[in-house]
Amino acid sequence: MELSHLIQESLDGDLDSFNQIVLEFQDMVYYQAYRVIGEPDAAEDATQEAFISAYQKLHTYRGGSFKSWLLRIVTNACYDELRRRQRQPVTALKPEDDHGEEMNSPKWMEDPAEKPEEILQRSELSDAIQRCLNALDDKFRSVVVLVDIQGMDYATTAEIVDRPLGTIKSRLARARLSLQECLEGFAELLPVDLRQESEV
Amino acid sequence: MDISRRDWQLLSEYIDGELSERKRIRLESRLDSERGLRTALQSIKKTRRILRTAPRLSAPKEFVLTPDMLPRRQKESFFPVLRFATVLVSMLLVAVLVLDFGGFVSPLNRVEYAAPAMQQEALESDGDADKQNGGEQELEVAEEPQIMEKTEGVEREMAEGVEEPEEEAKALDVVEESPTPSSTAAPPTPTTPPPTQTLPPPIPEERKGLPVIRFIEIGLFSLVVILLLVRFLMKKVDGDVS
């Protein structure tokens, strides 16, 4: 069924139609939350809150990119979650396995087609990226995640975070500079082509 | 990094194709001649590539909604009611203000404002009458504006209030009758007419404060402020996503 039909039926109170939208966008929403918050459990909470909020605010959607509209909601949910965590700091940064041990590579990150060493390297690179993202201020992190990870353009990003275009440009440049400096420390984790590029 | 932050931002915008034509041409000519700028460009491109090739995570579970997850749904239907109430109370407030300051309000309220001043005036003229022993004319003059603005209600109050001045007069008589060193020596002076007729009617306690219309205005204004505050807080709690 088309997205516009699902939205209309959701507006009429059909929760099943809205849940089809949830299933369609949950990976993108969760990924955004995970990269902005940097902690799986909190990202899950923010994702769930974002979908609840989206259902309640569906009447405010005025057409255009539904993905952008949803990203705006999840970004706000992430800010709320980050504010809540600042008030009540949480120490666990990585998911735990059945024995309570921290996992470097959660199962949902695994691709069965990959070799174990590739999985390890990929998860380590993902961890390294997340560590560098976590070192950024929240407002810089959300911008760089939207542009460089979600692939949004500047104008859409400005709309999502509700800031002027100039602010987006400056925040993105500063975030990229910090990330570039941070990622230099993880050069050995980079894919071969990127490693060679840096040696040139 | 050897380049300035400004140049770094230019490069950042350049790789995303967000530079204007003029800026892009100028930057490209600088890239041809400045090696540091070229190195920085490679570096920023690489950073962006790393982020874009970062492994994407799938949702660890399904985030489908169930009816029990939506307890705040009712709040939505409350917003229009709240908005209607705010508009209604605001309109009422404006109407009352227009009635009050536009001169449409009953003269009764204006008498209430004037009463304390007139009472003071009357007392002053009464004092003069005592001294000059011919103040009845002045008192009549002083009473003129009062008479002009009186309504039936005020007249009724005046009629009811006749007894109180008599009591005051009695009290004055007692003071005058009490012996003083001068009164014992001097022959008794003729007493002035009792002040019953000269004293203005007392103002009942409940009418000395703000008039009723003021209380209505203050009440309506407070209600508007409270309604706006509640709406603002509810929106804030609900999360501003639109």
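User: What share of the 242 residues in chain B do buried residues make up?

Analyst: Buried residues are 12% of the 242 residues of chain B, where a residue is buried if 20 or more other C-beta atoms, placed from the backbone, lie within 10 Å of its own, exposed if 12 or fewer do, and partly exposed in between. This is a predicted model, in which local features need pLDDT (the predictor's confidence in each residue, from 0 to 100) of at least 70 and side-chain atom pairs count only at pLDDT 80 or more, while totals for chains, interfaces and linings use all residues. Residues are numbered from 1 along each chain as its sequence is written, with chains lettered from A and ligands numbered from 1 in the order in which they are written. In chain A, buried residues make up 38% of the 200 residues.

User: How many helices and strands does chain A have, and how many does chain B have?

Analyst: Helices (DSSP runs of H or I with at least four residues) and strands (runs of E with at least two) are numbered from the N terminus; on that basis chain A has nine helices and zero strands, and chain B has 10 helices and zero strands.

User: How do you know whether the length of α4 of chain A agrees with that of a helix?

Analyst: The expected span is 1.5 Å times one less than the number of residues, so the 22 residues of α4 (residues 66-87) of chain A should span 32 Å, and the end C-alpha atoms are indeed 32 Å apart, which agrees. For α8 (residues 165-183) of chain A, with 19 residues, the expected 27 Å stands against 26 Å between the end C-alpha atoms, and this too agrees.

User: Against which helices do the buried residues of α4(A) pack?

Analyst: The buried residues of α4(A), among them Trp69(A), Leu70(A), Ile73(A) and Cys78(A), pack against α2 (15-37), α3 (40-56), α6 (138-149) and α7 (154-161) of chain A, a contact being a pair of residues whose C-beta atoms, placed from the backbone, lie within 7 Å.

User: Why are α8(A) and α1(B) called roughly parallel, antiparallel, perpendicular or oblique?

Analyst: Their axes, which are lines fitted to C-alpha atoms over the stretch in contact, with angles from 0 to 180 degrees between N-to-C directions, come within 9 Å and cross at roughly 100 degrees. Angles under 35 degrees count as roughly parallel, over 145 as roughly antiparallel, 65 to 115 as roughly perpendicular and the rest as oblique, and α8(A) and α1(B) are therefore roughly perpendicular. On the α8(A) side the contact includes Leu172(A) and Arg176(A), while Trp8(B), Gln9(B), Ser12(B) and Glu13(B) take part from α1(B).

User: What makes the pair α6(A) and α8(A) parallel or perpendicular?

Analyst: The axes of α6(A) and α8(A) come within 8 Å and cross at roughly 90 degrees, and that makes α6(A) roughly perpendicular to α8(A). Phe140(A), Val143(A) and Val147(A) of α6(A) are among the residues in this contact, as are Ile168(A), Leu172(A) and Leu179(A) of α8(A). Its residues divide into eight nonpolar, no polar and five charged, where Ala, Val, Leu, Ile, Met, Phe, Trp, Tyr, Cys and Pro count as nonpolar, Asp, Glu, Lys and Arg as charged, and the others, Gly among them, as polar.

User: Which helices of chain B supply at least two residues each to the side that touches chain A?

Analyst: The contact takes 35 residues from chain B and 46 residues from chain A, and α1 (5-15), α3 (35-52) and α4 (73-101) of chain B each supply at least two residues of the chain B side. Of these, α3(B) gives the most, with nine residues.

User: Why is Tyr154(A) called buried, exposed or partly exposed?

Analyst: Tyr154(A), found in helix α7 of chain A, counts as partly exposed because 19 C-beta neighbours lie inside 10 Å. Leaving aside neighbours within four places in sequence, Tyr154(A) is in contact with Leu165(A), Ile168(A), Lys169(A), Asp16(B) and Glu18(B).

User: What makes Asp162(A) buried or exposed, and what is the sign of its phi?

Analyst: Asp162(A) lies in the loop between α7 and α8 of chain A and counts as exposed, with 12 C-beta neighbours inside 10 Å. Its phi is positive, about 60 degrees, although Asp162(A) is not a glycine. Most residues other than glycine have a negative phi.

User: Where in chain A does pLDDT stay under 50?

Analyst: Chain A has a mean pLDDT of 84, with 78% of its residues reaching 70 or more, but over residues 104-110 pLDDT stays under 50. Where pLDDT is low, the predicted coordinates should not be read in detail.

Methods:
Two residues are in contact if their C-beta atoms, placed from the backbone, lie within 7 Å.
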